[in-house]
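Trainee: Could we go through this model together? I would like to learn how each label is justified.

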Amino acid sequence: MSSASTDFAIPDAAAPAFHLAPRETEPGRWAVRVEGRLSFDAGRALWQALLAVVPTPPPTALTFDLSGVEAVDGGSMALLVQTRWSLQATGVECAFAGATGTTARLLSLYGGDVSPAAEVAVAAPGFLAGVGARTLERLDEVRLLLDFVGRMVRALGGVLRHPGTANVRAIAPLLARTGADALPIVVLVTFLIGFVMGFQSAVQLEQFGADIYVADLVGLSITRELGPLMTAIIVSGRSGAAFAAELGTMSVSEEIDALRTLGIGPLRFLVFPRVLALVVALPLLTLFGDLMGLFGGLVVGVVNLDLSITAYLTQSLRALDVWDVFQGLIKAVVFGLSIGLIACAQGLATTGGAEGVGRRTTTAVVTSLFALILIDAAFTVTFHMAGL
Amino acid sequence: MSAPLVTVTELSLGWGETVLLEDASFEIERGEIFAVLGASGCGKSTLLRALTGLDPPRHGRVEIAGTGAPTLSVGRPSYGVMFQAGALFGSMTVGENVALALETWTDLPAAAIAAIVRARLRLVGLEGCAHLAPSALSGGMRKRAAIARALALEPPLIFLDEPSSGLDPVSAFELDLLIRTLSEGLGLTVVLVTHELPSIFAIVQRCVFLDRASRSILARGDPRVLRDTCPLPAVHHFFNRTSPGSSP
Ligand SMILES: Nc1ncnc2c1ncn2[C@@H]1O[C@H](COP(=O)(O)OP(=O)(O)OP(=O)(O)O)[C@@H](O)[C@H]1O
Ligand SMILES: [Mg+2]
């Protein structure tokens, strides 16, 4: 195909030869003759030339004479047209003249003979308005969660009345995903936590010859606080994020809507099995975490403090009672519930495409971490006040 | 003539600040193939969301005979919906997508459900695709799978958002044929959004033509009659595939 037969000839990039020749025809009225080949590859030079060619002070009228243009492409035409629009916006009468053939066709294609459509100005909010808007957003999050919990309670009633609507089949795979798959990382992290705690406290306790109390310290802090908390933090990073992203993607691709049109409630079908899986998996993981934390302390006791395994274990058993482990498990249940609810609420509230999914996932993890710490503090204070 | 199946009264629609439609009223008769037409972005899918109860309208009422306002509560749905982009459940196979409503809302044994799923997929030309993940389907196949899912429970009313766009001409023709057969043979009422002129003239009995600029129903009636007689430029250009001031 010869280049002559193409509608819009692409100028040779190697020859970005154009020239702008301004001339004052009458006082205040200018004509700019555009000559040569305008190529988008030389767009930067063209743009600067167009900016420079406008005389100061601004003229009353300016005409671009395109009769000397040998070739032009879409990008350069866009720059020419934008120059005219900008000049018009500042009150300069600006027009094109002398365009023929391809140049004329491109000119009208790019709107060189009309006024631009009004751009919608999106005003950036002021500082105070921004602070206000952010605050309202936060309050909105709280409202979203409360509303969600309310609807979830209703859905739970529905599940109890019609167990068939609850998607019970999904629970086992979800348990595997949230529980079994998380086991290695939970085991590793809690072991290290127990180990580090044992190590740090050993340094202090050794000074008082109270080495054996490492077992008490590690045992109590792991079972009551750190076991459940660390496990929950891991699970919220793994499963909380996964749930929010999953449901968020389903929301933005209208899968949730499609579910509703099939008469299936997303809360029963999607949220219920996920929350239930976490409520079951988290205490189980916590039990493993507790054991591994104690083991970490034991390693320190045996290796660093030369305690015998029996002595360490006996001391641990003396320090711990069932309630210590049990209160950690109670926490774990509530942690699981809150991670699941927060993640699913965020997921289902997602709008706005891939970015929205990312934002909601972030919010889900941050909110649930915050909630975990808050709940943990509340439990600790309550148990303490109740003298347990 | 019996009472209309869907009655829309003084409906207003929009997103955020934008108003797309104001005070629109129309009716959809039982057993007819009814189309919502208009330029891209004029609010056809939005109207469908209001008709199916996915978004409550800003003002006005939608009523489906025997059901009242569409609410989408948990329960066996009285109509099927096919979304513009398919909205197949990505975590299930195509077959499971179609089977889901059957498993939830019928007491059929698994083998019977499998038979129905196979039949529905055959109807839309996807026989043998039941085991595939939606991500393994082409765009047109996804649409057809979504239609099969919407038809799963054999609803008397079905909403289709651009069922034939993106299909090759032969599949599009076969889909038209399917829609007409279901409508004539089973009395299915079909509400569809489409831009496919051949399909509009071939199967649509009545339509409303939405216009974003005037936020109203610009024209209504038999599309063939509108094509030949409607003097409004927007409607004329739509039906004759032309644009103001240009001829290809
Ligand atoms: N989720 C949304 N949030 C905000 N605005 C939306 C949303 N969905 C659609 N809109 C706006 O509503 C208008 C109508 O959209 P709609 O999807 O109903 O158009 P349509 O007529 O179906 O177009 P098409 O033929 O391209 O599918 C569009 O201008 C769009 O910007
Ligand atoms: Mg649409």
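Mentor: Happy to! A good place to start is a network of salt bridges that links A:Glu254, A:Asp257, A:Arg260, B:Arg49 and B:Asp55. Keep in mind that this is a predicted model, in which local features need pLDDT of at least 70 and side-chain atom pairs count only at pLDDT 80 or more, while totals for chains, interfaces and linings use all residues. Residues are numbered from 1 along each chain as its sequence is written, chains are lettered from A and ligands numbered from 1 in the order in which they are written, and side-chain values use heavy atoms, with hydrogens and water left out.

Trainee: What makes B:Arg49 and A:Glu254 a salt bridge?

Mentor: The rule asks for a side-chain nitrogen of Lys or Arg within 4 Å of a carboxyl oxygen of Asp or Glu. The closest N and O atoms of B:Arg49 and A:Glu254 are 3.3 Å apart, so the pair qualifies.

Trainee: Why is the pair A:Arg260 and A:Asp257 called a salt bridge too?

Mentor: Their closest N and O atoms are 3.8 Å apart, so this pair also meets the cut-off. Both residues lie in helix α8 (residues 255–261) of chain A, 3 residues apart, about one turn of the helix. Helices here are DSSP runs (H or I, at least four residues), and strands are runs of E (at least two), numbered from the N terminus.

Trainee: How do you know whether A:Asp257 is buried or exposed?

Mentor: Buried means under 20% relative accessible area, exposed over 50%, and partly exposed in between (1.4 Å probe, protein chains only). A:Asp257 has 12%, so it is buried. A:Arg260, at 24%, counts as partly exposed.

Trainee: What joins A:Arg169 to B:Glu103?

Mentor: A salt bridge between their side chains, at 3.1 Å from N to O. A:Arg169 sits in the loop between α4 (127–161) and α5 (171–178) of chain A and B:Glu103 in helix α2 of chain B, so the pair joins two chains. A:Arg169 is exposed at 62%, and B:Glu103 is partly exposed at 37%.

Trainee: How many salt bridges are there between chain B and chain A?

Mentor: The count is 3 between these chains, and 22 over all chains.

Trainee: Which residues of chain B lose the most area to chain A?

Mentor: First, the total: the two chains bury about 1,700 Å² between them, 63% of it on carbon and sulfur atoms. Buried area is the accessible area (1.4 Å probe) that two parts lose on being put together, summed over both. In chain B, the residues that lose the most are B:Val74, B:Phe83 and B:Phe89, together 28% of what that side buries.

Trainee: How many residues are in contact there?

Mentor: Chain B brings 22 residues and chain A 17, with contact meaning heavy atoms within 4.5 Å.

Trainee: What makes B:Ser45 and B:Gln84 donors of the magnesium ion (ligand 2)?

Mentor: Donors are N, O and S atoms within 2.8 Å of the metal (3.2 Å for Na, K and Ca); water is not among the atoms, so sites may look incomplete. B:Ser45 (OG) and B:Gln84 (OE1) lie 1.9 to 2.2 Å from the ion, so they qualify. B:Ser45 is in helix α1 (residues 44–51) of chain B and B:Gln84 in the loop between β5 (80–82) and α2 (94–105), 39 residues apart. B:Ser45 has 27% relative accessibility, so it counts as partly exposed, and B:Gln84 counts as partly exposed at 31%.
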